Amino acid sequence: MSRTPTPGRYDVDSGTAELLGDADRPGSWVLLVDGTPQSHVDLDDPAYLDFEYVRRIGHAVDLVAPTGEPIDVVHLGAGALTLARYVGTTRHGSRQRAFDDDAALVALVRRELPLPRGAAVRVRSVDARQGVAGLPAASADLVICDVFRGARTPAHLTSREFDVELARVLRPAGIAAINVGDGPPLEFTRAVAVTLRSVFARVCLLADPAVLRHRRYGNLVLLASAAELPLAQLIRRVAADPAPGRVVAGRDLMAFGGGGGKVIVDATAADSPEPPAELFATPLRGRPARR
């Protein structure tokens, strides 16, 4: 019988991590770093995805290949390996690699929130961009970029040069899924979308309508590929979610980006915006606030 995780605070390389049990879902745990919710995992049901934006990335996992077929996945930002657990459960035999530069956090997750037996996930404690640079060309079906330093995406993971590396690593029909934290007026997300469109033939945006209408800060997911994206299926799945969202693509995405916009390059890249201070002001005691 596996041991029960120990709730509490732990020193990690990037600050202070905290493990909290989810009072609403036995067997589930929330991982925070410096007060920011990073991951939610259900150790009894790895196919369960709690955070809204994670479910949206889960659609890319489901649609990048026929149901149940093994895939090659690269995770940038390991966290508690929520989506790696999901892939391992829904696509047996998949090969997965994860990069996270916080070695102490990786060790904490291995010890307190161990992966299911038989999960084929290789985790390296290295910067995400460095990890991608070392991967062979056309070696991944899906690359998931969910890297946050605190509550912000590091600048060097937002540029065109980085997106070119993502495109190099992906197979012709592969998908890059990028999680972005942003708030009104969504200028950062617009710039990221324009930058992706300068590299990939097809890009779409998945998000909560309230975030798109500049009503609040939230997570937006961008999907990019050299091939056609499964837009009709994405629209159905996102609309049917417990927290229904929108899919923005084609001319609507061009309009969202301003019809042009300035491409982010390494020389001009900046971290994503700081979220509002009040977003994580209330201490968590069970259910996590949504990033």
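Helix H5 (residues 160-169) lies across S5, S8 and strand S9 (170-182), and the angle between H5 and S9 comes out at about 145 degrees. Keep in mind that this is a predicted model, so what follows describes the prediction.

The sheet under that helix is an open one built from eight strands, and its order reads S7-S6-S5-S8-S9-S11-S10-S12. The pairing there is mixed. At the two edges you'll find strand S7 (121-124) and strand S12 (246-249), each pairing on one side only. Going from one strand to the next, the twist averages 15 degrees.

Let's zoom in on one pair in that sheet. Strand S5 (residues 72-76) and strand S6 (residues 95-99) run parallel and share five bridges. Across this pair, Leu76 sits opposite Phe99 of S6. Helix H2 (residues 82-90) also packs on the sheet, where H2 touches S5, S6, S7 and strand S8 (140-145). The direction of H2 makes about 175 degrees with that of S6.

There's a second sheet to look at, and this one is open too: four strands in the order S1-S2-S3-S4, with antiparallel pairing. Its edges are strand S1 (8-12) and S4, each of which pairs on one side only. Here the twist averages 25 degrees from one strand to the next. Helix H3 (residues 103-112) packs on this sheet by touching S1, S2 and S3, and the direction of H3 makes about 140 degrees with that of S1.

Inside the four-stranded sheet, strand S2 (residues 15-21) is joined to strand S3 (residues 28-33) by five bridges, and the two run antiparallel. Leu19 faces Leu31 of S3 across that pair. S3 in turn pairs with S4 through six bridges, again in the antiparallel sense. One of the matched positions there is Ser28, whose bridge partner in S4 is Asp42. Which residue takes a positive phi in the hairpin of S3 and S4? That's Asp34, with a phi near 50 degrees, in a hairpin that has two residues between the strands. As for S4 itself, the strand is mostly covered, with seven of its seven residues buried.

Now for the empty space, which is probably what you'd want to poke at. The table puts the volumes side by side.

| Space | Volume | Lining by class |
|---|---|---|
| Largest pocket | about 520 Å³ | 18 nonpolar, ten polar, seven charged residues |
| Largest cavity | about 90 Å³ | nine nonpolar, three polar, one charged residues |
| Second largest cavity | about 40 Å³ | five nonpolar, one polar, one charged residues |

The largest pocket holds about 520 Å³ of space. Of its 35 lining residues, Gly77, Ala78, Gly79, Asp100 and Asp146 are the closest to the centre. Strand S4 (36-42), helix H1 (52-63), S5 and H2 each give at least two residues to the lining of this pocket. In other words, elements met in both sheets show up here, with S4 coming from the four-stranded one and S5 from the eight-stranded one.

How many cavities of 30 Å³ or more does the structure hold? There are two. Around the largest cavity there are 13 lining residues, and the closest to its centre are Leu157, Thr158, Ile178, Val180 and Val192. Elements that give two or more residues to this lining are H5, S9 and helix H6 (187-197), and H6 has the largest share, with four residues. H5 and S9 are the helix and strand from the opening, where H5 lies across S9.

The second largest cavity is lined by Ala78, Gly79, Leu81, Val106, Val109, Arg110 and Val123. H3 supplies the largest share of that lining, three residues. Ala78 and Gly79 line this cavity, and both are also listed among the residues closest to the centre of the largest pocket.

One last residue is worth a visit. Val64 lies in the loop between H1 and S5. Is Val64 buried or exposed? Val64 counts as buried because its relative accessibility is 16%, and the cut-off for buried is under 20%. Leaving out residues up to four places away in sequence, Val64 touches Ile71, Asp141, Ala173 and Ile175. Val211, by contrast, is 147 residues away from Val64 in sequence and 26 Å away in space, C-alpha to C-alpha.

Technical notes
Residues numbered from 1 in each chain as written. Predicted model: local features only at pLDDT ≥ 70, side-chain atom pairs only at ≥ 80, totals over all residues. Heavy atoms only, no water. Pairing = 2+ DSSP bridges. Axes fitted to C-alpha atoms, helices over the stretch in contact; angles between N-to-C directions. Contact = heavy atoms within 4.5 Å. 1 Å grid on protein atoms, 1.4 Å probe; cavity = no way out; pocket = protein on both sides within 12 Å on 5 of 7 lines; lining within 4 Å. Points joined across faces, edges and corners; volume = space filled by probe spheres on them. Nonpolar A, V, L, I, M, F, W, Y, C, P; charged D, E, K, R; others polar. Buried < 20%, exposed > 50% of the residue type's maximum accessible area, 1.4 Å probe, protein only.
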